[in-house]
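User: I should like to learn how to read the features of a protein model. Could the discussion proceed from the general idea to the particular case?

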Amino acid sequence: EAVSALIEDGAIVPVMKRLLIRSPGDTGFIKSLQQWLTQVFHLNVGPVGWLLYDVEQVRAGLERVVMAHLEDLHGSITPAHAGITLRLIVPVVSGIVRQHRRGEVAALSSVPEAVERHASILCAFACIEPALLHKELRFLVDHPRLLTLEAKRAWLACERQRLEILGRKAVRVETGRTSILNDLCGTLAVEGAANAVGLSVNFRGEAAAGDGLRREWFRLVARELSDPAVNLFASYDGGRTLQPSPTSSVQEGAEGSYFQLAGKVVGLALLHGETLPMRFSGPFLKRILGHVLTPEDVQAVDPDSYKGIQFVLETDDVESLCLTFSEVSDHPADVVLSEDTRGSHAHFDLVPGGSEIEVTEKNKNEYVRLKVEHKLGLLRCRSQIDAFVKGLHEPLPRESLTRFQRMVSVAELDLLIAGLPEINVDDWQAHCAYGGFLKPDHHLAVWFWEVLREDLNQDERATLLHFATGSAAVPA
């Protein structure tokens, strides 16, 4: 009966199986486990002695020791801890969560407080072995607030591996260093390439191979996608961020295939953990995540318009304002595209025939929603945004994309796509690997970091980082 109970139990079986198998070269793990069991029961139970004890007692004792060990790690893990931790602690913690969920119906959507307190170290385990996020640590994915940004990136890598196992193909891109978009359109037109999740890149006439080429390719594609001459994306904040250009719809093919292509490129970059030199605007990122734009989004870019929108929402007599679903706009896209342009302003209907539709108490919420989208420059870009999200769906199936959209915030998506906005030299130095005769205290290394800190600006640091790694941005 004891053996049967243990086989059905979620917390202790993986541990005991590991103990009994006695894998070659794993004596350190067995010895450590024996020491923990000795600590729990104050005697040496032997390799099968644990069968003589009550299952609940064994589990409770082991869980106490495991949680105490997590406390001792103080939120960080070293390679020395990784082996025993991944094979012992993670199954036990997973069992604790399952037991908690069995205990109360209300607990099905919760995590024990003791486990939640150690979420950061559990995320560190997931970064070491991403497959855990589909197995013992899946409960972290079900509670995205517990996941660190690094663990979310690990989930994306794990998702790519899962899709490859399920039969998703890898696409091989052979291209030059110019007209990359045309080459890519031709490559993805091949049967089976549209839903590919893997990616390998070769530049014509070059013998080099490896991940560095893929990183360089992403950089070149992003540069071409964001080229003002191509007019797929535009910036309305001095070049800091990009969002779909409303005037791109006048270009043949841009409204559909190119934005779909851009979405696929972003999806592939996310799955491969690569950053792109494209920082998208907050409202556009919210639309990518399926979030509704709010008046608060307008407040950051146009405080006066925000006050007007709030007044419309709060007033009880909106009809007295004599508003219609039409705007007098100075937005550059409206001035260019409108048929009713007067100097630097243009009349723009929020809906077809909007100038004839009065704003009432019944429809004022719809009016505010459209006005917010218009003020943020996205109302004219609905088809472009839909095509972009459709492209994201190609490497990321609907279920995966939906989970990802629930998992990340707007700020996190920005960091996953574009990396950190500035290069921190202290962080770079702390994670630098030295080889050969060069050591951290060698005078050449000391000079290198001094020059990097004191003589190079952010653009020059990005150029150096690109030379060394193939990417000009630092992953967040």
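**Salt bridges and helix packing**

Analyst: A search of the whole structure, which is a predicted model, finds 18 salt bridges.

User: Which residue forms a salt bridge with Lys152, and how far apart are the closest N and O atoms?

Analyst: The partner of Lys152 is Glu412, and the closest N and O atoms of this salt bridge are 2.7 Å apart. Because Lys152 belongs to helix α10 and Glu412 to helix α21, the pair ties together parts that are 260 residues apart in sequence.

User: How is the packing of two helices described?

Analyst: Two packed helices are described by the angle between their axes and by the distance between those axes. In this structure, helix α10 (residues 149-165) and helix α21 (residues 410-418) have axes that come within 11 Å and cross at roughly 60 degrees. α10 is therefore oblique to α21. The crossing of these two helices, α10 and α21, is right-handed.

User: Which residues make the contact between α10 and α21?

Analyst: From α10, the contact involves Leu149, Lys152, Arg153 and Leu156; from α21, it involves Glu412, Leu415 and Leu416. The salt-bridge partners Lys152 and Glu412 are thus listed among the contact residues.

User: At what angle do α8 and α10 pack?

Analyst: Helix α8 (residues 119-128) packs against α10 at an angle of about 35 degrees, and their axes are 9 Å apart. The crossing of α8 and α10 is left-handed. Here Cys123, Ala126 and Cys127 of α8 meet Glu150, Ala151 and Ala154 of α10.

User: How should the crossing of α16 and α18 be read?

Analyst: The axes of helix α16 (residues 303-314) and helix α18 (residues 364-375) come within 10 Å, with a crossing angle of roughly 170 degrees. An angle over 145 degrees counts as roughly antiparallel, so α16 is roughly antiparallel to α18. On the α16 side, the contact is made by Ser305, Ile309, Val312, Leu313 and Glu314. The α18 side contributes Lys364, Asn365, Tyr367, Val368, Lys371, Val372 and Lys375.

User: What sign of phi do most residues other than glycine have?

Analyst: Most residues other than glycine have a negative phi. Asn231, although not a glycine, has a positive phi of about 60 degrees. Asn231 is located in the loop between α12 (211-225) and β3 (233-234). Cys322 is likewise not a glycine and has a positive phi, of about 55 degrees. The loop between α16 and β5 (326-329) contains Cys322.

User: Which residues form the nonpolar patch on the surface?

Analyst: The patch is formed by Phe437, Leu444, Val446 and Trp447, which together have about 420 Å² of accessible area. Of these residues, Trp447 lies in helix α23 (residues 443-454).

Key:
Residues numbered from 1 in each chain as written. Predicted model: local features only at pLDDT ≥ 70, side-chain atom pairs only at ≥ 80, totals over all residues. Heavy atoms only, no water. Patch = residues over 30% accessible without salt bridge, like charges linked within 9 Å, V, L, I, M, F, W, Y side chains within 5 Å. Areas by Shrake-Rupley, 256 points an atom, 1.4 Å probe, with all protein chains shown as cover. Salt bridge = Lys/Arg side-chain N within 4 Å of Asp/Glu carboxyl O. Helix = DSSP H or I, 4+ residues; strand = E, 2+ residues; numbered from the N terminus. Axes fitted to C-alpha atoms, helices over the stretch in contact; angles between N-to-C directions. Parallel < 35°, antiparallel > 145°, perpendicular 65-115°, else oblique. Left-handed = near helix turned anticlockwise from the far one by under 90°. Contact = heavy atoms within 4.5 Å.
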